[in-house]
Amino acid sequence: MELNKFRLRDQLIDGELFENIRKVALQEEEWDENKKKDVERFEKTVLQRLRKKRPVKRYKKLGIKKSDLKEVIQLADITSLELFQGPSNWELAQIHPEWCNHCGKCCTQSSPLFIHRDERRAITTLNPFLKDEIIPNQDYPEHFQFKEDRPCKYHDTEQKRCQIYQTRPQVCQNYPLMLIGSEGKEHYIINLRHNCHYATRLVLEKAIILFDEAVKRKTEGIGIRL
Ligand code: SF4
Ligand code: SF4
């Protein structure tokens with residue numbers, strides 16, 4: 001492969017497959033202009049941080065460019081590292097609770113707050129006062145949601161903490177990882193909320209892991225020593 005045509009991402013994933021996954025990830029939700037801008041801002045923020053961690057000039061011999069960093073970030077945003085025998089998003093998030101800066105956006109801006117039918121009884125048994133606060137879900141009537149959201153009634157705005165933290169719904173435990181699907185579609189994907197500091201750190205961590213793996217594959221392949 002000629003150096004000037006080299007794309008780091010090709011060390012990790014087939015280009016066509018990448019484009020298809022990216023298309024699905026970005027179309028599966030109803031992406032309005034604000035959401036698109038959120039993604040652009042998000043990926044730009046991660047890029048600024050990745051350039052400090054992995055400056056391209058250090059990898060000049062390999063022909064790595066700023067656009068390669070961008071593509072690695074896009075890949076990190078839409079795929080789990082499990083595809084590359086790495087940790088899942090969930091595993092990474094679990095060992096880094098400090099990535100959450102307690103800004104409270106997830107609790108004040110999310111709607112509806114989905115409650116799976118299998119978790120409703122546990123939540124109301126442990127919090128009897130919630131019995132009248134949970135109603136059928138507007139999109140999935142076999143499931144439920146909190147009656148009041150945006151902001152969630154159980155968000156303590158002064159302390160910036162959840163008042164029912166130990167028994168909060170699964171969707172809150174998983175944030176910023178979201179299961180995205182739309183009516184009539186038979187498949188669902190895991191997507192990230194892009195206005196969240198936690199998500200920024202998660203994708204940065206994944207991008208670093210992916211970048212290092214791609215460089216390793218490239219250097220082993222062509223025998224370059226950095
Ligand atoms: S999970 Fe994200 S949006 Fe929610 S409080 Fe933490 S940083 Fe903010
Ligand atoms: S239940 Fe707790 S974690 Fe979930 S949105 Fe409400 S305040 Fe936030």
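**View 1. The shell of residues around ligand 1 in the predicted model.** In this predicted model, ligand 1 is surrounded by C100, N101, H102, C103, G104, K105 and C106, together with Y175, C196, H197 and Y198. Two helices, α5 (105-109) and α8 (197-222), are the elements that contribute two or more residues to this shell. Sorted by class, the residues around ligand 1 comprise 6 nonpolar, 4 polar and 1 charged. C106, a member of the shell, has a relative accessibility of 26% and therefore counts as partly exposed, since that category begins at 20% and ends at 50%.

**View 2. The ring pair of W99 and Y198.** The centres of the two rings are 6.1 Å apart and the planes meet at 85°, so the pair of W99 and Y198 is classed as edge-to-face, a label that requires an angle over 60 degrees. The contact joins distant parts of the chain, with W99 in the loop between α4 (89-94) and α5 and Y198 in helix α8, at a separation of 99 residues. Both W99 and Y198 are buried, and Y198 also belongs to the shell around ligand 1.

**View 3. The ring pair of Y59 and F211, one of 5 aromatic pairs in the structure.** Y59 and F211 pair edge-to-face, with 4.9 Å from centre to centre and 80° between the planes. Here too distant parts of the chain are linked, because Y59 lies in the loop between α2 (33-53) and α3 (66-78) whereas F211 lies in helix α8, 152 residues apart. Y59 and F211 are both buried.

**View 4. The shell of residues around ligand 2.** The residues surrounding ligand 2 are C107, L113, F146, C152, Y154, H155, C162, I164, R168, P169 and C172. By class, this shell consists of 9 nonpolar, 1 polar and 1 charged residues. C162, one of the cysteines listed here, is partly exposed, with a relative accessibility of 27%. Although cysteines occur around ligand 1 and around ligand 2, the count of disulfides in the model comes to 0.

**View 5. Aromatic rings and arginines, including residues from the shell around ligand 2.** Ring pairs connect F129, F146 and Y154 into a cluster, and of these residues F146 and Y154 are also found around ligand 2. R168, likewise a member of that shell, lies over the face of Y165, at 3.8 Å from the ring centre. In a further contact of this kind, the charged end of R120 sits over the ring of F144, 4.2 Å from its centre.

Conventions
Residues numbered from 1 in each chain as written. Chains lettered and ligands numbered in written order. Predicted model: local features only at pLDDT ≥ 70, side-chain atom pairs only at ≥ 80, totals over all residues. Heavy atoms only, no water. Near = heavy atom within 4 Å. Helix = DSSP H or I, 4+ residues; strand = E, 2+ residues; numbered from the N terminus. Nonpolar A, V, L, I, M, F, W, Y, C, P; charged D, E, K, R; others polar. Phe/Tyr/Trp six-rings, centres within 6.5 Å; stacked < 30°, edge-to-face > 60°. Buried < 20%, exposed > 50% of the residue type's maximum accessible area, 1.4 Å probe, protein only. Lys NZ or Arg CZ within 6 Å of the ring centre and 35° of its normal. Disulfide = S-S within 2.5 Å.
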